[in-house]
Amino acid sequence: MARSVMPLWFGITASKSSAKARSSVRDQSRARKLKKRGVEAVVGQLGDTGWRDAAVGFQAYIHTAYEASPRAAEVDRIAIDTLCSAAKMTGGSPRLIYTSGVWVLGSTRGPADETARLTPAAHSAWRVPNEQHVLAAVLIGGADVELARQVAEVVGPARAGQDVVELAG
C-alpha cells in the first residue's frame with residue numbers, strides 16, 4: 001500500500017485576531033492528532049480530487065506530500081492540479097508552496113541555489129516536470145508560488161512517517 005509520508009497539504013489563513021488551518025491526512029487517527037492541535041483535518045488520499053472543495057478559501061497552501069509508489073509522479077501531478085484549482089476558486093493571489101526535493105539538483109560540486117542546473121538523480125527525475133508544471137499552472141491561475149526543495153537536515157532527525165506537525169510542535 002502506498003503511503004504519503006507527511007500530511008498531504010495545509011491551508012492557512014491568518015489575521016491579527018485569528019487563524020484558521022486545515023490539512024488533509026490519510027486516516028482518522030492522524031485527523032484526531034491534528035484536531036488536538038487546533039487544525040481541522042480532512043481525511044483523503046493524495047491522488048483523489050474529492051478534497052478540493054475543502055481546500056478552497058485559504059491565503060496559503062503548502063503541498064508537503066509524497067506517495068512512495070510506482071504512481072508517485074502521476075499522484076503528485078493530480079495533487080498539484082487539485083491544489084491549483086482550489087487556489088483559483090479562492091480568488092485573489094493565494095500563495096502556494098510546493099515542496100520538491102534536493103535530488104532534482106543531482107550531484108553538485110559545492111553549494112547550489114535556485115539557479116543551479118538540474119541534473120536529477122534517476123529516482124527523482126519525475127520531479128522536474130512536476131516542478132515546471134506547478135510553476136506554469138500557478139502563473140496561469142494568478143497565485144503566488146514558492147518552490148521548496150526539501151533537505152532532511154533542516155528539520156533535524158525524525159522517525160519515518162512522522163507528521164510535520166509533530167516536528168514543528
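Student: Let's begin with V39 in this predicted model. Where is V39 found?

Tutor: V39 is in the loop between α1 (28-36) and β3 (40-43).

Student: Is V39 buried or exposed, and how do you know?

Tutor: Its relative accessible area is 12%. Buried means under 20%, so V39 is called buried.

Student: What is V39 in contact with, leaving aside its neighbours within four places in sequence?

Tutor: V39 is in contact with A21, R22, S23 and L34. The word contact applies because heavy atoms come within 4.5 Å.

Student: And how are V39 and I12 placed, along the chain and in space?

Tutor: They are 27 residues apart along the chain, and their C-alpha atoms are separated by 9.6 Å.

Student: R22 came up among those contacts. What makes R22 and E40 a salt bridge?

Tutor: The closest N and O atoms of R22 and E40 are 3.2 Å apart. The cut-off is 4 Å between a side-chain nitrogen of Lys or Arg and a carboxyl oxygen of Asp or Glu, so the pair qualifies. This salt bridge links distant parts of the chain, with R22 in strand β2 and E40 in strand β3, 18 residues apart.

Student: Which residue in β3 is the bridge partner of R22?

Tutor: That is E40 again.

Student: Why do we say that β2 and β3 pair, and in which sense?

Tutor: Strand β2 (residues 19-25) and β3 share four bridges, in the parallel sense. Pairing needs at least two bridges, so these strands pair. Together with α1, they make a right-handed β-α-β unit.

Student: Back to the salt bridge: why do R22 and E40 get separate labels for accessibility?

Tutor: R22 is at 14%, under the 20% limit, so R22 counts as buried. E40 has 41%, which lies between 20% and 50%, so E40 is partly exposed.

Student: How many salt bridges does the rule give in total?

Tutor: The count is four. Among them is R30 with D27, whose closest N and O atoms are 3.4 Å apart. R30, at 14%, counts as buried, while D27, at 27%, counts as partly exposed.

Student: What makes E74 and R71 a salt bridge, and how accessible are they?

Tutor: Their closest N and O atoms are 3.2 Å apart, within the 4 Å cut-off, so they form a salt bridge. E74 has 42% relative accessibility and R71 has 41%. Partly exposed covers values between 20% and 50%, so the label fits both E74 and R71.

Technical notes: Residues numbered from 1 in each chain as written. Predicted model: local features only at pLDDT ≥ 70, side-chain atom pairs only at ≥ 80, totals over all residues. Heavy atoms only, no water. Buried < 20%, exposed > 50% of the residue type's maximum accessible area, 1.4 Å probe, protein only. Right-handed = clockwise from strand over helix to strand, strands pointing away.
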